[in-house]
Amino acid sequence: MAEALGVTLDYLVKDGQYEQIDSDTLALGNLRAIQDLDSETKAHVFATIDAFIKAAKLKSITAM
């Protein structure tokens, strides 16, 4: 997707849903690479990401 001034059409039409997400997280190359994976590998990538997110949440809860 083409970008102008660092803003994508997706960002504009999704009411700023990704406004708080840093540019590394939204790096188009990484997202496109994941998008191009076969469905089984993509499921593994998302399961791994989910596991890291859950671990980080648990860590922050136990630190309170």
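Confidence varies along this predicted model: among the elements of the protein chain, strand β1 (residues 3–4) has the lowest mean pLDDT, 52, while α3 has the highest, 94. For the protein chain as a whole, the mean pLDDT is 79, and 66% of its residues reach 70 or more.

Let's put those elements in order. The protein chain has three helices and two strands, and from the N terminus on they run β-β-α-α-α.

Helix α3 covers residues 39–62. At its start, the backbone nitrogen of Glu 40 has a side-chain oxygen of Asp 38 within 3.2 Å. How far apart are the end C-alpha atoms of α3? They are 34 Å apart, which agrees with the span of 34 Å that its 24 residues should have at 1.5 Å a residue.

Now for the surface. Of the 64 residues of the protein chain, 3% count as buried. The key values sit side by side here:

| Surface item | Value |
|---|---|
| Area exposed by the protein chain | about 5700 Å² |
| Share of that area from carbon and sulfur atoms | 61% |
| Accessible area of Phe 46, Ile 49 and Ile 53 together | about 250 Å² |

Phe 46, Ile 49 and Ile 53 form a nonpolar patch on the surface. One of these residues, Ile 53, is found in helix α3. Is Ile 53 buried or partly exposed? Ile 53 counts as partly exposed because its relative accessibility is 41%, and partly exposed covers the range between under 20% and over 50%. As for spacing in general, an α-helix has 3.6 residues a turn, so residues three or four places apart point the same way.

Note on methods:
Residues are numbered from 1 along each chain as its sequence is written. This is a predicted model: local features need pLDDT of at least 70, side-chain atom pairs count only at pLDDT 80 or more; totals for chains, interfaces and linings use all residues. Side-chain values use heavy atoms; hydrogens and water are left out. Helices (H or I, at least four residues) and strands (E, at least two) are DSSP runs, numbered from the N terminus. Buried means under 20% relative accessible area, exposed over 50%, partly exposed in between (1.4 Å probe, protein chains only). Accessible areas come from the Shrake-Rupley method with a 1.4 Å probe; for residues, only the protein chains shown count as cover. Patches are made of residues with over 30% relative accessible area and no salt bridge: like charges are joined within 9 Å, nonpolar side chains (Val, Leu, Ile, Met, Phe, Trp, Tyr) within 5 Å. A salt bridge is a side-chain nitrogen of Lys or Arg within 4 Å of a carboxyl oxygen of Asp or Glu. pLDDT is the predictor's confidence in each residue, from 0 to 100. The expected span of a helix is 1.5 Å times one less than its number of residues. A polar contact is a pair of N or O atoms within 3.5 Å; within protein, one must be able to donate a hydrogen and the other to accept it, and residues adjacent in sequence count only if both atoms are side-chain atoms.
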